[in-house]
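Hi everyone, thanks for making time for this one. I'd like to walk you through a single chain, from its overall layout down to a couple of individual residues.

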Amino acid sequence: MSTVRTLITAFEIVNQGIVKAAPFSNRFDASILAPQIDLAEQRFLKTFINPEFYDDLKAQRTPNEIQYNPDIGAYQIAYPSNADYEELFTQYLYPYICRSVIYESYPYIAIQTESNGLLLNQPSYGQNAGVKVMQMQRDSMLGTLEGTRVLIIKYLCENKEKYPLWDDSKYCNDCKKGGR
C-alpha cells in the first residue's frame, strides 16, 4: 500500500514550473495549497478517473517527491516502473492537477481568514489585485481545465490498451464528441 494520499504534493506544484515558467516558491507559501489538493482531485480528476484506476495510479507512484525541474536538482520521476503511467502523468495529469489545485486555492491566496473575519492579503512587495481580478483568473483557468479534461479523456480512449484499469464505458464511445 502506498503512503501517498494524493497524486501530488504542494511542493511538487510550486517548484515544477507548471503554473508559470519558473518555480514560484520564492514568493509563494505552498502550505496554502496543501489543503486544496485532495479537494481539487475530487472535483476535477475523480469525476472521470474511476476509483480503481486512481488507486492504482497512487499505488504505483513513487513515495518520493517527484522532481522534473532541472534547476532544483536531480530528476525523480513519478512512475519509474511504469512508462505508460509516466507518460499519462507528465503529459496530462500533472499539469491538470496542478492547475486544478491553484484554481481551488486562489480564494485562499487572495483572501485570508483571520479571527476578525475575511481580509484581503496585503503583501509588502506588491498590491493585492482584488477579488474581481482573482475571479477573472479563476474563470480563465476553469476554461483551460475543462478543455484539458476533454483532451485527457480523448487520450485515454485512444490509448485504452495501455490503461486497462481505465473505465472507458462512459467516455470512449463519445470521444469523437469530445469525451463529454
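**Burial, layout and core**

Let's start with burial: of the 180 residues in the chain, 43% are buried. Please keep in mind that this is a predicted model.

On the outside, the accessible surface of the chain is about 10,000 Å², and carbon and sulfur atoms account for 51% of that.

Now the layout. The chain has five helices and two strands, and reading from the N terminus you meet them in the order α-α-α-α-β-β-α. If you take the contacts between residues at least 6 apart in sequence, 64% of them join residues at least 24 apart.

On to the inside. The largest nonpolar core holds 46 residues, and those touching the most other members are I8, L45, F48, I49, F53, F89 and W166. At least two core residues come from each of α1 (10-14), α2 (34-45), α3 (51-60), α4 and α5 (131-158). Which helix gives the most to this core? That would be α4, with 14 residues.

Let's zoom in on I8, one of those well-connected members. Setting aside neighbours within four places in sequence, I8 has contacts that include I13, I37, E41 and R61, and its list also takes in F89, Y94, I97, C98 and V101.

Last stop: S100, which lies in helix α4 (residues 83-110). Is S100 buried or exposed? Its relative accessibility is 1%, under the 20% cut-off, so S100 counts as buried. Beyond its neighbours within four places in sequence, S100 is in contact with A40, F44 and L145.

Thanks, and I'm happy to chat about any of this!

Methods:
Residues are numbered from 1 along each chain as its sequence is written. This is a predicted model: local features need pLDDT of at least 70, side-chain atom pairs count only at pLDDT 80 or more; totals for chains, interfaces and linings use all residues. Side-chain values use heavy atoms; hydrogens and water are left out. Helices (H or I, at least four residues) and strands (E, at least two) are DSSP runs, numbered from the N terminus. Buried means under 20% relative accessible area, exposed over 50%, partly exposed in between (1.4 Å probe, protein chains only). Contact means heavy atoms within 4.5 Å. Accessible areas come from the Shrake-Rupley method with a 1.4 Å probe; for residues, only the protein chains shown count as cover. A nonpolar core is a set of buried Ala, Val, Leu, Ile, Met, Phe, Trp, Tyr and Cys residues joined through side-chain atoms within 4.5 Å.
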